[in-house]
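Thanks for making the time this morning. I would like to walk you through one model, taking the contact between its parts before the metal site.

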Amino acid sequence: MNRSAWVIREHGVIGSPRLESLPLGSLPNGFVRITLKSLSLNHLDLWTTLGLPGIQLPLPVILGSDGSGVIEEICSSESLPFGLTVGSSVMIAPGLSCGSCFDCQSGNDMLCKSYKVMGHLTNGTASTILDVPIHNLLPIPSGWTFEEAAAFPLVFLTAWEMLVEKARLGFGETVLIWGGGSGIGTAAIQLTRMLGAKSIVVVGDDQKAVKCWDLGATHVLNRNRENIAERIKELTHKKGVDVVFEHTGPATWTTSMMACRRGGRIVTCGSTTGTDVALNLRSLFARQIVIQGSYMGKRSNFFKLLACLESGISNPPFRPIIDKVFDFKDYPAAQLYLESGQHFGKVICRVTNSSVIN
Ligand SMILES: [Zn+2]
């Protein structure tokens, strides 16, 4: 039995992954076999394709960190959580860890030395059939499509970790959210609203601005025709924002520092415009700003997110935002589309009957 998978054997340009037919082995203990329905792309897929300076990624690797599908087979000795069984629809948590070290045992699995994100340091979801550890199965919220389920895990987990765990966002506080049209930006806008805080969201065009308002943004700024630092001064009465939601890096860092209030927090989870920024230490210590890095999030927080939906705390309920759905076989085009920055929300690949190669 074979599966079709998007594989990186050597780093190359965006859109260069190849579709391969790979043999399926026997199902390992502690795993279930899933037929993929949809996957969503993240910038991590682009970094994995390009390669990261100074970091040796294990190749070959199957791409894809997010996915949803149907359970086809369960390792005979295992029982599944949440009432899941063969035929159940599931979404996939993207982080793998050892499960036994101090950090894993204390619930900080993303601090585990063995922590791996699927599709980056270990095989991922861009495969028509895949074997997934039972610990990584998540039930799909009622009424969500497979596309929405595939768009949820990585960006919502990361945004929750940044806003709730790292920034400790308080009721009535103000968050500056860069890249409001990105997958993580659309998650952050909705979670900020759910947490009773205000958002100042930055986008690159007016169409995206309207969509951000629809998601519950308090203010939306167009970086191509507004001075962001000046507008934030006006909107916060010269105080600055309480929290900066950073994921872009050098292109926004100086403004992030200027926009942050005395004693405020800057949380960063990404570096889409580069990894090196200038830091004025006097400004940092004199204004007592806290800068914190964040990477993925505690797996247990998936269940807090799902509980917010089930309990009605999220009202209106947050929902993954999907921009465009490609066929699985058009994965390279989906990568190029993500790189273009035209999207608002997530870019999806859906498996259809024509997606499989023999
Ligand atoms: Zn561990």
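Let me begin where the two halves of the picture meet: 12 residues of domain 1 are in contact with 16 residues of domain 2, and please keep in mind throughout that this is a predicted model. For orientation, the domain assignment gives domain 1 as 2–152 + 320–355 and domain 2 as 156–293, and their C-alpha centres lie 28 Å apart.

How much area is buried between domain 1 and domain 2? The figure is about 1,000 Å², and carbon and sulfur atoms give 69% of it. On the side of domain 1, F152, I321 and F344 together supply 49% of the area buried against domain 2, which is more than any other three residues supply. As for polar features, the rule finds 0 salt bridges across this interface, although it does find 4 residue pairs in polar contact there, with both residues at pLDDT 80 or more.

Now let me turn to the zinc ion. Its protein donors are the SG atoms of C98, C101, C104 and C112, lying 2.3 Å from the metal, and in sequence these donor residues follow the spacing C-x2-C-x2-C-x7-C. The angles among the 4 donor atoms run from 105 to 115°, and the site is tetrahedral; for comparison, the ideal angle for four tetrahedral donors is 109.5 degrees.

Are C98 and C101 buried or exposed? C98 counts as partly exposed because its relative accessibility is 38%, and C101, with a relative accessible area of 24%, is partly exposed as well.

Notes
Residues are numbered from 1 along each chain as its sequence is written. This is a predicted model: local features need pLDDT of at least 70, side-chain atom pairs count only at pLDDT 80 or more; totals for chains, interfaces and linings use all residues. Side-chain values use heavy atoms; hydrogens and water are left out. Donors are N, O and S atoms within 2.8 Å of the metal (3.2 Å for Na, K and Ca); water is not among the atoms, so sites may look incomplete. Four donors count as tetrahedral if all angles lie between 85 and 135 degrees; four count as square planar and six as octahedral if opposite donors are over 155 degrees apart and all others between 65 and 115; anything else is irregular. Buried means under 20% relative accessible area, exposed over 50%, partly exposed in between (1.4 Å probe, protein chains only). Domain bounds come from an automatic or database domain assignment. Contact means heavy atoms within 4.5 Å. Buried area is the accessible area (1.4 Å probe) that two parts lose on being put together, summed over both. A salt bridge is a side-chain nitrogen of Lys or Arg within 4 Å of a carboxyl oxygen of Asp or Glu. A polar contact is a pair of N or O atoms within 3.5 Å; within protein, one must be able to donate a hydrogen and the other to accept it, and residues adjacent in sequence count only if both atoms are side-chain atoms.
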